[in-house]
Amino acid sequence: MSLTRHRLFIDGEWIEPAEASFFPSENPVTGEPWYEAARATAPDVDAAITAAHTAFTRGPWSRTTPTERGQMLSRLADVVASHADELAEIEARDNGKLLREMKAQLRSLPDYFRFYAGLADKVRGDLIQGVARDALNYTLREPLGVVVAITAWNSPLYLAAMKLAPALAMGNTVVLKPSEYTSAASLLLASYFTEAGFPAGVVNAISGHGREIGDLLVDDPRVAKVAFTGSTPVGRRIAGRAGERLAKVSLELGGKSPSIVFPDANFDNVATGVVAGVFAAAGQMCTSGSRLFVHSSVHDEIVARIVERARAITIGDPLESETELGPLVNGAQHAHVTRCIAQGVEEGAVVAFGGTRPDGFDRGWYLEPTVLTGVTNDMSVARTEIFGPVLSVIPFETEEEVLEMANDSEFGLAAGIWTSDLSRAHRMAAALDAGIVWVNTYRNESALSPFGGFKQSGIGKENGIEAILEYSRLKSVWVNYDDGDLADPFSYPG
Ligand code: NAD
């Protein structure tokens, strides 16, 4: 049986890839391919960037007002809303995440477009007074130009929306390159912009392998900014190459986020929050709370509750409504997570639960939710981003000690604090070296709230008012309104 083929979406049309080459996308439940995506090569990259560049410099888009862009984004939000469940099913089939979760995520996706639709005509420059006599100085916020958006496989459309919505509201044009593991939904999304009335070339999407076309996208001098979500090593490479030609980047990268449990916390909520924070999406979340610091006085009780919850998790097909844990995205990821667990055990960690392929799941990329105890903060399982359902539990004695351990990581994406002591919560929130801190909750996100990490977790912010400015440049304009002669700089008074 021949598989459905998804082509490239360039300049408002579906296009055959230049080399007529396609690659399979696998369903992680079965390990079998379920569609083919176009494999873009250099001519396709050039065509997509040319379309975006032309749309930015010469097309009708370059003459739109911010209010018109906001209206288009509102229409796009409606189109996305009308396709939300269909897109959710495609994503769940592609990355193995729960259909329930993807539906919830995609039903909230229009909020991201609506937020920036509303913000489009609220971006302002400033008037700077007093710079000189009879002169004024003002600033203009301008779009950057062509933005290349490169995304990871774990939440393809969500990661794309966080980039496209502010970039377009600000007046940029976009080339979207989704992960080669999850191309279909992003290609479809690009076509919805045409349906919503965006001019051709404003949003283009090309599928293909990052290692084949990534450098071409990043190095092209017509690309003003690369907005990237993915692993830290690829993010560093992109930042280095973009830096060579001083192009802007924003990077949303990996994490090894700490959750910290104090003895005065609500233990039921801790168990719920910690389990959701590390086992949801089979742990394939950048913000996964994968390092759990527990006060030694409550360590055994907290571990027992988490193991009990982990044991009760229903593993299965992500499309089934009762499933709570689906497979990992592919065989390579499964092998990587399994290797990380083995190395942790070699270094002295104890498997309190899980660690292997669940009984009855001989095919697909399933792994049990895994709880490791006896972990110290210097072990590999506490330092490396595993990106799988693996929780490493580390005991602590004092607030100072746990703060030092929590911050002792190359990453700084997110952190969780579980306590009923308000002073301690604020003290810890201020002292934690993380871009997002959750107190007595975990994993909340909103289009309204800035999102992004510190240190090796990234550069820049997505979401919130701040994100639209990341897709702008600031120009300073000086105007002399003195009708007299200009002071001659070469003639000095006696
Ligand atoms: P990845 O870095 O392997 O791939 C991400 C994207 O980069 C893909 O589209 C890939 O094709 C592309 N790519 C690969 N090589 C490239 C190159 N040389 N030049 C340009 N692009 C290239 O990451 P992944 O495995 O898809 O995703 C998992 C990682 O993403 C994890 O580290 C996770 O923490 C991170 N992530 C971060 C966030 C966040 O918001 N901070 C969100 C989701 C995922």
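This is a short tour of one sheet, its helices, a loop residue, a pocket and the cavities. The model is predicted.

**Stop 1: the sheet**

Start with the strands β15, β16, β17, β14, β13, β19 and β20, listed here in their order across the sheet. These 7 strands form an open sheet with mixed pairing. Colour the two edges next. They are β15, residues 350–353, and β20, residues 436–439. Each of these edge strands pairs on one side only. Now look along the sheet to see its twist. On average, neighbouring strands are turned by 25° against each other, direction ignored.

**Stop 2: one strand pair**

Select residues 370–373, which make up β16, and residues 390–396, which make up β17. The two strands run parallel, and 3 bridges join them. For a single point of register, show the side chain of valine 371. Leucine 391 in β17 stands opposite.

**Stop 3: two helices on the sheet**

Keep the strands and add helix α9, residues 299–311. This helix packs on the sheet and touches β13, β14, β15, β16 and β17. Its direction makes about 140° with that of β14.

Then add helix α8, residues 267–279. It lies across β13 (258–261), β14 (291–295), β16, β17 and β19 (414–418). Relative to β17, α8 runs at about 135°. Leave α8 on display, since the pocket comes back to it.

**Stop 4: leucine 325**

Move to the loop between α9 and α10, where α10 spans 331–346, and pick leucine 325. Is this residue buried or exposed? Leucine 325 counts as buried because its relative accessibility is 1%, and the cut-off for buried is under 20%.

Show what surrounds it. Setting aside neighbours within four places in sequence, leucine 325 has contacts that include Leu98, Phe279 and Ala282. Ile313, Thr314, Ile315 and Gly316 are also among its contacts. So is the run of Tyr366, Leu367, Glu368 and Pro369. Draw a C-alpha to C-alpha distance from leucine 325 to tyrosine 366. The two residues are 41 apart in sequence and 8.6 Å apart in space.

**Stop 5: the second largest pocket**

Select Arg100, Val275, Ala276, Ala280 and Glu324. Of the 14 residues lining the second largest pocket, these lie nearest its centre. The pocket holds about 350 Å³ of space. Which elements give two or more residues to its lining? They are α3, residues 99–119, and α8. Helix α8 gives the most, with 4 residues. Colour the lining by class to find 8 nonpolar, 1 polar and 5 charged residues.

**Stop 6: the cavities**

Now search inside. The whole structure has 4 cavities of 30 Å³ or more.

The largest cavity has about 70 Å³ of space. Select Pro258, Arg291, Phe411, Gly412 and Ala414, the closest to its centre among 16 lining residues. Elements giving two or more residues to this lining are α12 (399–407), β18 (411–412) and β19. By class, the lining has 8 nonpolar, 5 polar and 3 charged residues.

Finish at the second largest cavity, with a volume of about 50 Å³. Its lining includes Gly255, Gly283, Met285, Cys286, Ser288 and Ser290. Add Glu385, Ile386, Phe387, Gly388 and Val390 to complete the lining. Here the classes divide into 5 nonpolar, 5 polar and 1 charged.

Key: Residues numbered from 1 in each chain as written. Predicted model: local features only at pLDDT ≥ 70, side-chain atom pairs only at ≥ 80, totals over all residues. Heavy atoms only, no water. Pairing = 2+ DSSP bridges. Axes fitted to C-alpha atoms, helices over the stretch in contact; angles between N-to-C directions. Contact = heavy atoms within 4.5 Å. Buried < 20%, exposed > 50% of the residue type's maximum accessible area, 1.4 Å probe, protein only. 1 Å grid on protein atoms, 1.4 Å probe; cavity = no way out; pocket = protein on both sides within 12 Å on 5 of 7 lines; lining within 4 Å. Points joined across faces, edges and corners; volume = space filled by probe spheres on them. Nonpolar A, V, L, I, M, F, W, Y, C, P; charged D, E, K, R; others polar.
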